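Please look over the structure below and read this report alongside it.

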Amino acid sequence: MLYYFASLLYYFASLQLLISVFDYYKRDMGNKKRLVVLTGAGISAESGISTFRDSDGLWEKHSVEEICTHEALYRNYDMVVQFYNDRFAQLATVEPNAAHLALKTLEDKFDVQIITQNVDNLHERAGSSNIIHLHGELTKVCSMKNENLIVDRNTLPNPLITGKDVAPDGGKWRPFIVFFNEAVPMIEPAIELVQTADILLIIGTSLQVYPAASLSMYAPRNAEMFLIDPKPNTAGFNRPINVIAKGASEGMKEFMEIMNEKL
Ligand code: APR
């Protein structure tokens, strides 16, 4: 029995060793470590885009039930469309900030994969290569008859859609936004991505909206986790997390220093 237990222990120890050696050689073989980043409205706050739940947030000024649910789209079509037309128009007045740009810079040394809850296009405009939008994109609209008929607003005669604008299938256009009570089609690819993370970095989200807020649960046991937020919500984590309680730009400076020490 003792011999059996000892060989089991030996077997697991050598397996652990093998994994860390493989990890080391993986990095040595030039495979960049995978840095998966989950971002929320907070990363765009310094660009001048309001968050949702801060004291000056959008949901302080607008009712979610009136603006951002599946039912609201059918009940208050004009109001919903106007709200997202305004947010689309705002994109032309803002720029990516230092935090967006830092994520782009990290691509030199890491395999950076961004999962964003944001519907703005600031990650794209900062030049980031790998971006999943969980909650849709302001720059696109889709048909209410077939939501897979998706077009870029700028390809339409009138990017600021109205109920008079009709999609090729005869349906009215709607914002390409995931409203509350609607499915989140990109959650599966996002989970798969988090499951491959060497490092998980979370920036500027209150972690109150699911399923996005559950993503950290899928990170591998040995993945390091970081949270950058001036008001960090650490309630939902099932393991230690490195908290940087700062704004996105200052927080990213600190994160970059930590990462540079590791390389
Ligand atoms: N830098 C970093 N984080 C910031 C900054 C900043 N300068 N300013 C505010 N924050 C943080 C806040 O402390 C808060 O934790 O950003 C977070 C914003 O939280 P929310 O407003 O709840 O936004 P988010 O978590 O992205 O919302 C999730 O809810 O309304 C829906 O679909 C919408 O995608 C959105 C989802």
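The report covers strands, one helix, two single residues and a pocket in a predicted model.

## Strand β2 and its neighbours

Strand β2 covers residues 110-116. Seven of its seven residues are buried, so the strand is largely enclosed by the rest of the structure. Its side chains split between two directions. Phe110, Val112, Ile114 and Thr116 point one way. Asp111, Gln113 and Ile115 point the other way. Both sets are buried, the polar and charged members included.

β2 has a parallel pairing with strand β1 (residues 33-39), over seven bridges. Within that pairing, leucine 38 of β1 has isoleucine 115 of β2 as its bridge partner. β2 also runs parallel to strand β3 (residues 131-133), with three bridges between them. Isoleucine 115 appears here too: its bridge partner in β3 is isoleucine 132.

## Strands β7, β8 and β9

Strand β8 spans residues 224-228. Four of its five residues are buried, so β8 is largely enclosed by the rest of the structure. β7 and β8 run parallel and are joined by five bridges. In this pair, leucine 201 stands opposite phenylalanine 226 of β8.

β8 also pairs with strand β9, residues 242-244. This pairing is parallel as well and has three bridges. Here leucine 227 faces valine 243 of β9 as its opposite residue.

## Isoleucine 202

Isoleucine 202 sits in strand β7, which covers residues 199-203. Is this residue buried or exposed? Its relative accessible area is 1%. The cut-off for buried is under 20%, so isoleucine 202 counts as buried.

Which residues does isoleucine 202 touch, leaving aside neighbours within four places in sequence? They are Leu38, Leu207, Ser216, Phe226, Leu227, Ile228 and Phe237. Leu38 also takes part in the pairing of β1 with β2, as the bridge partner of isoleucine 115. Phe226 is the residue that stands opposite leucine 201. Serine 216 lies 14 residues from isoleucine 202 in sequence. Their C-alpha atoms are 8.7 Å apart in space.

## Strand β4 and threonine 139

Strand β4 is mostly covered, with seven of its eight residues buried. β4 and β6 run antiparallel and are joined by four bridges. Glycine 136 stands opposite isoleucine 177 of β6. β4 is also antiparallel to strand β5 (residues 150-152), through three bridges. In that pair, lysine 140 has aspartate 152 of β5 as its bridge partner. A hairpin connects β4 to β5 through six residues.

Threonine 139 belongs to β4. Its relative accessibility is 13%. That falls under the 20% cut-off, so threonine 139 counts as buried. Beyond neighbours within four places in sequence, threonine 139 is in contact with Phe88, Leu91, Asn121, Val151, Asp152 and Arg153. Among these, Asp152 is the bridge partner of lysine 140.

## Helix α6

Helix α6 runs over residues 77-90, 14 residues in total. What span should it have at 1.5 Å a residue? The expected value is 20 Å. The end C-alpha atoms are 20 Å apart, which agrees.

The buried residues of α6 are Tyr77, Val80, Val81, Phe83, Tyr84, Asn85, Arg87 and Phe88. An α-helix has 3.6 residues a turn, so residues three or four places apart point the same way. The buried residues of α6 pack against α3 (58-61), α4 (64-67) and α5 (70-75), and also against strands β4 (136-143) and β6 (173-177). Phe88 is one of the contacts of threonine 139.

## The largest pocket

How much space lies in the largest pocket? The volume is about 860 Å³. The pocket is lined by 46 residues. Closest to its centre are Gly40, Ala41, Phe52, Arg53 and Ser206. The elements giving two or more residues to the lining are α2 (42-45) and α6. The largest share, three residues, comes from α2.

The lining has a mixed make-up. It divides into 21 nonpolar, 15 polar and ten charged residues.

Key
Residues numbered from 1 in each chain as written. Predicted model: local features only at pLDDT ≥ 70, side-chain atom pairs only at ≥ 80, totals over all residues. Heavy atoms only, no water. Buried < 20%, exposed > 50% of the residue type's maximum accessible area, 1.4 Å probe, protein only. Contact = heavy atoms within 4.5 Å. Expected span 1.5 Å × (residues − 1). Pairing = 2+ DSSP bridges. 1 Å grid on protein atoms, 1.4 Å probe; cavity = no way out; pocket = protein on both sides within 12 Å on 5 of 7 lines; lining within 4 Å. Points joined across faces, edges and corners; volume = space filled by probe spheres on them.
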